[in-house]
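Student: Could you walk me through how the helices pack in this one, and then we can move on to other topics?
Tutor: Gladly; here is the structure to look at while we talk.

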Amino acid sequence: MGLLLLTVQAHTRSLKPPTCVLEDGIASCREVEGGKAVMLFAGLYLVALGVGGIKGSLAPHGAEQYDETTQLGRKQRSAFFNYYVFCLSCGALIAVTFVVWIEDNKGWQWGFGISTATILLSIPIFLLGSPFYRNKIPTGSPITTIFKVLTAAIFNTCKSKNSSNAVTEVHSSPTCSNERRDEGNSNVKEKVPSQKPTEDIKFLNRALRNNPAYPIAQCTVKEVEEVKIVVKIFPIFMSTIMLNCCLAQLSTFSVQQAATMNTKLGSLKVPPASLPVFPVIFILILAPVYNHVIIPFARKVTKTEMGITHLQRIGTGLILSIVAMAVAALVEIKRKRVAVNSGLVNSSEPLPITFLWVALQYLFLGSADLFTLAGMMEFFFTDAPLGMRSLATSLSWASLAMGYYFSTVLVSIVNNITSTYRHTPWLFGSNLNHYHLERFYWLMCILGGLNFLHFLFWATRYKYRSTGP
């Protein structure tokens, strides 16, 4: 629906935003208003809502198709996450090449129209596999369980300051058995805690009371232990936000950098909007190599089933993102030096330096994206309780959204601070040559290093939970 609204608006002249006017070589554009703004933002938010729903459910749905009680099934599931990212990159490759070319040469309505037609075509293709899918039957909201346990723990703490009353005798119940079969998949067994709560995160144990003031707040040991698992993986989730903040530079400052450079490849002029094709290509190459070369080699060396653990994979991505920011800073220093030496600091002419220099940072960020995204999804899926897997896997995309938002906030903070103390914001103005972009990249590099130390603190203390037999 969102893409359809955008297609209609881009096609209908009366619904389009006001045309930009060139004044002294600078485009002057008016903000969209009234019903046009409502239609535009309604389309954008519907697209965001739909994409969030698809990405949040498609990965766990695909992973559920594999039998995790066997070693082969777990290996196939790991390969699925790699090729899931591979397929996302295939779509991105088409988007930043063919669709961008169509929009630049034929019009935005054609680009939106192609995207709309593709989504419509995917629906019957997905439905064709319905008879063969292994579906998990929903058994309640995991968010409700999380809030119930947290609320009960806080309430019981406030009600009774005597810690001896926080946890009393716990009655056994069917939900507190040592092993439970997933209701929607009889072949998957989940090991759940015994009737006695663990000593980790003792505060949550206070949610266990035999006679709570409100019966609806009655919590079982199983529910408390599941919430503990979610709490334990939350710091890992927080550690990945900074990486996605670095990835946000791919579609912002990196594109602006390349737009000031020579974007010709022989007789072909590459549109700046197509520059994200580089990390996409790197992912398309690296994903099969990782799955068929790196992982088998790591399994032989470590003599373990995974070869490379999920947290090691995430950590590798974080390191690559730090390297990418350092490379980006060095490339920006070189670009500005060329602008000064060629006397084009205040000119809008392309600098005599190829845009392929920017591809270096795309190489490292693309590799970081593959390592971290696939690692995050598999980590959240395998270590989350069965009833919370879809929610936990969605944290990967929540991290992406928060990283992009944090990037915007960080730019605003940097501009406010630098304008206060230096009277000239680092990242403001119409001429990129007057920016202090290299300083911003060095700042990102430092923040990435601190974030990696934060990740190491939690990763070295994390204990994986086993879902195998």
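Tutor: Let us begin with H3 and H12, where H3 passes H12 in a right-handed crossing, bearing in mind throughout that this is a predicted model.
Student: At what angle do H3 and H12 pack, and how far apart are their axes?
Tutor: Helix H3, residues 71–105, and helix H12, residues 359–383, pack at an angle of about 140 degrees, and their axes are 9 Å apart. That angle is why H3 counts as oblique to H12.
Student: Which residues make the contact?
Tutor: On the H3 side the contact is made by Arg77, Ser78, Phe81, Asn82, Tyr84 and Val85, and on the H12 side by Leu370, Leu373, Ala374, Met377, Glu378, Phe381 and Thr382.
Student: And what about H3 with H10, how do they cross?
Tutor: The axes of H3 and helix H10, residues 277–302, come within 7 Å and cross at roughly 165 degrees, and the two helices are therefore roughly antiparallel to each other. The crossing of H3 and H10 is left-handed. Among the H3 residues in this contact are Asn82, Phe86, Cys90 and Leu93, while H10 brings residues including Ile281, Leu284, Pro288 and Tyr290.
Student: Where does H1 fit in, relative to H4?
Tutor: Helix H1, residues 2–11, and H4 have axes that come within 8 Å and cross at roughly 155 degrees, which means that H1 is roughly antiparallel to H4. H1 passes H4 in a left-handed crossing, and the residues that meet include Leu3, Leu6 and Ala10 from H1 and Phe112, Thr116 and Ile119 from H4.
Student: Switching to the surface, which residues form the nonpolar patch?
Tutor: Ile54, Leu58, Ile119, Leu120, Ile123, Phe126 and Leu127 form it, with about 630 Å² of accessible area together. Ile119 thus belongs to the patch and also to the residues of H4 that meet H1.
Student: Which helix gives the most to the patch?
Tutor: H4 does, with five residues, Leu127 being a patch member whose place is in that helix. Helix H2 (34–63) and helix H4 (108–128) each supply at least two residues of the patch.
Student: Last topic: how many salt bridges are there?
Tutor: A search of the whole structure finds nine salt bridges. One of them joins the side chains of Glu223 and Lys148, at 3.1 Å from N to O.
Student: Where in the chain do Glu223 and Lys148 sit?
Tutor: Glu223 is in helix H7, residues 221–239, and Lys148 is in helix H5, residues 142–159, so that the pair, 75 residues apart, links distant parts of the chain.

How values were computed:
Residues are numbered from 1 along each chain as its sequence is written. This is a predicted model: local features need pLDDT of at least 70, side-chain atom pairs count only at pLDDT 80 or more; totals for chains, interfaces and linings use all residues. Side-chain values use heavy atoms; hydrogens and water are left out. Patches are made of residues with over 30% relative accessible area and no salt bridge: like charges are joined within 9 Å, nonpolar side chains (Val, Leu, Ile, Met, Phe, Trp, Tyr) within 5 Å. Accessible areas come from the Shrake-Rupley method with a 1.4 Å probe; for residues, only the protein chains shown count as cover. A salt bridge is a side-chain nitrogen of Lys or Arg within 4 Å of a carboxyl oxygen of Asp or Glu. Helices (H or I, at least four residues) and strands (E, at least two) are DSSP runs, numbered from the N terminus. Axes are lines fitted to C-alpha atoms, for helices over the stretch in contact, and angles run from 0 to 180 degrees between N-to-C directions. Angles under 35 degrees count as roughly parallel, over 145 as roughly antiparallel, 65 to 115 as roughly perpendicular and the rest as oblique. A crossing is left-handed if the near helix is turned anticlockwise from the far one by less than a right angle, and right-handed if clockwise. Contact means heavy atoms within 4.5 Å.
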